[in-house]
Amino acid sequence: MLETFFNPEIIKAAWPIILAGLGNTVLLSLVVVPLGLLGGLGLAMLASVRKPWVRWPLMAWVDFFRAFPPLVLLILLFAGLPFAGLELSGFACVCVAFFLNTGAYYGEILRAGIDSVPAGQTEAARSTGLGRLQTMLFVVLPQAVRNVLPDLLSNTLEVVKLTSLGSVVAMPELLFQARQAQSVTYNPTPIVLAALVYFVMLWPLVRLLSRLENRALAGRG
Amino acid sequence: MSNWERFLETFFNAKVMAKYLPDIAYGMLVTVELAALVIVTGLALGLALALARSLGFRPVNLLIVFVVDLFRALPPLVIIVFIYFGLPAVGLAPSGFVSTWLSLALVLTAFSEEIFWAGITSIARGQWEAARSTGLSYGATLMNVVLPQALRLTIPPLTNRTIAITKGTALGTVVAVSEILGVASSAVSNSYNPSPLILGAAAYLVLFFPMVVFGRWLETRMAWKH
């Protein structure tokens, strides 16, 4: 059993390949998380204009991308766009897909955060002479982010896990590298190794979230 | 032919769409089947684990927490790939359908256990004590007093999480499950036209958009009024 799933020789041979994959997963996460946050921030700030003709289309946009499996979006970009004469690299497709998909999730979370800040805060800030944008950036957003921090972290965890979809469009991230190593060695050890790397990397965040969420739900009862 | 007509011809080709519509419809059926299996088994197992955890037997609880953490930290695609490509090494060869079902069900189990457990612990200690002191058994207290209140709290986050995980059925395409995306992708390479993919995307929206809107409605509906 150990020979099959945790073969020491294969671990030694596959380790550099897995490590390169880990590097790429980290880099990819460092690109797509800020990208998604940026998209979400844009959506949430637009939604804070409390006009129905702004809010409804935004909500439809967010729900559209929440209903769309990210892999479908990715394949649509990767396999569909070349037919329109637009050939994007796997990396570019991942960036666009994540911007749209995770942007919608972040946007929904940040919108809830902004809604949770009492209107009196905005009124007070505005009456001291701060502009609309200043009020949003310096008064509302810091409180909003604090109120929804567990949800933001939880979504970030999901985004990092989601970078494994990059393997489908041949991005050399952790899962892709592990599959390469597995197909060369005919042994599942590299996949176990990759899973282990994911687990070690993300477990602290999962623990933290579990505590935060328990507290949040318990506080509501 | 104008550019616009060429665009329509390429991405919304009626002839190609008509040809592959039955395939996509079949893919929808597979997706629905897979989703239903994932939801039923994942939620049942999650609730069972949360109830087991409420018994407060420490070694069991540590094990549950570990398993839950494991399946929250691993990307679903990694689990699918492990089950599909890894298990044959020990003589087990689950199909792509079974691999996807098992993986997503385990992930949903982990997330729902966490949510159910948070719901159970959110019920004040006094409720337990009051119920027990009126002569209700442990089981009766759990079923008739604690769970009805706990479940109400858990429904909105549970719905959203379930939708997010169920969307993962599209991952089955990586292990050759003929669900919507798999069927659509092979139709694209057979017809050398992207229209089936557009059709597939529409099929996903038909299935999941109402669920997302329902989840949003539940969230507002079930919110506790302060």
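**Chain B of a predicted model**

Me: What share of the 226 residues in chain B is buried, and what makes a residue count as buried?

Reply: Buried residues account for 44% of the 226 residues in chain B. A residue is called buried if 20 or more other C-beta atoms, placed from the backbone, lie within 10 Å of its own; it is exposed if there are 12 or fewer, and partly exposed in between. This is a predicted model, in which local features need pLDDT of at least 70, side-chain atom pairs count only at pLDDT 80 or more, and totals for chains, interfaces and linings use all residues. Residues are numbered from 1 along each chain as its sequence is written, while chains are lettered from A and ligands numbered from 1 in the order in which they are written.

Me: Why is Thr166(B) called buried?

Reply: Thr166(B) has 23 other C-beta atoms within 10 Å. The cut-off is 20 or more, so Thr166(B) is classed as buried. Thr166(B) belongs to helix H7 (residues 138-166) of chain B. Leaving aside neighbours within four places in sequence, Thr166(B) is in contact (C-beta atoms, placed from the backbone, within 7 Å) with Ala35(B), Val38(B) and Ile39(B).

Me: What makes chain B more spread out than a compact globule?

Reply: Chain B has 9 helices and 0 strands; helices (H or I, at least four residues) and strands (E, at least two) are DSSP runs, numbered from the N terminus. The radius of gyration of chain B, taken over C-alpha atoms, is 22 Å, whereas the globule rule (2.2 Å times the number of residues to the power 0.38) gives 17 Å for 226 residues. The value is well over that of the rule, and chain B is therefore more spread out than a compact globule. Along the principal axes, the C-alpha atoms of chain B fill a box of roughly 80 × 50 × 25 Å.

Me: How many residues does each chain give to the contact between chains A and B, and which element of chain B gives the most?

Reply: Chain B gives 41 residues and chain A gives 40 residues. H9(B) gives the most to the side of chain B that touches chain A, with 10 residues. That side divides into 29 nonpolar, 7 polar and 5 charged residues. Ala, Val, Leu, Ile, Met, Phe, Trp, Tyr, Cys and Pro count as nonpolar, Asp, Glu, Lys and Arg as charged, and the others, Gly among them, as polar.

Me: How do you know what confidence the predictor has in chain B?

Reply: pLDDT is the predictor's confidence in each residue, from 0 to 100. The mean for chain B is 91, and 98% of its residues reach 70 or more. Among the elements of chain B, H3(B) has the highest mean pLDDT (96) and helix H1 (residues 3-11) the lowest (85).

Definitions and conventions: Contact = placed C-beta atoms within 7 Å.
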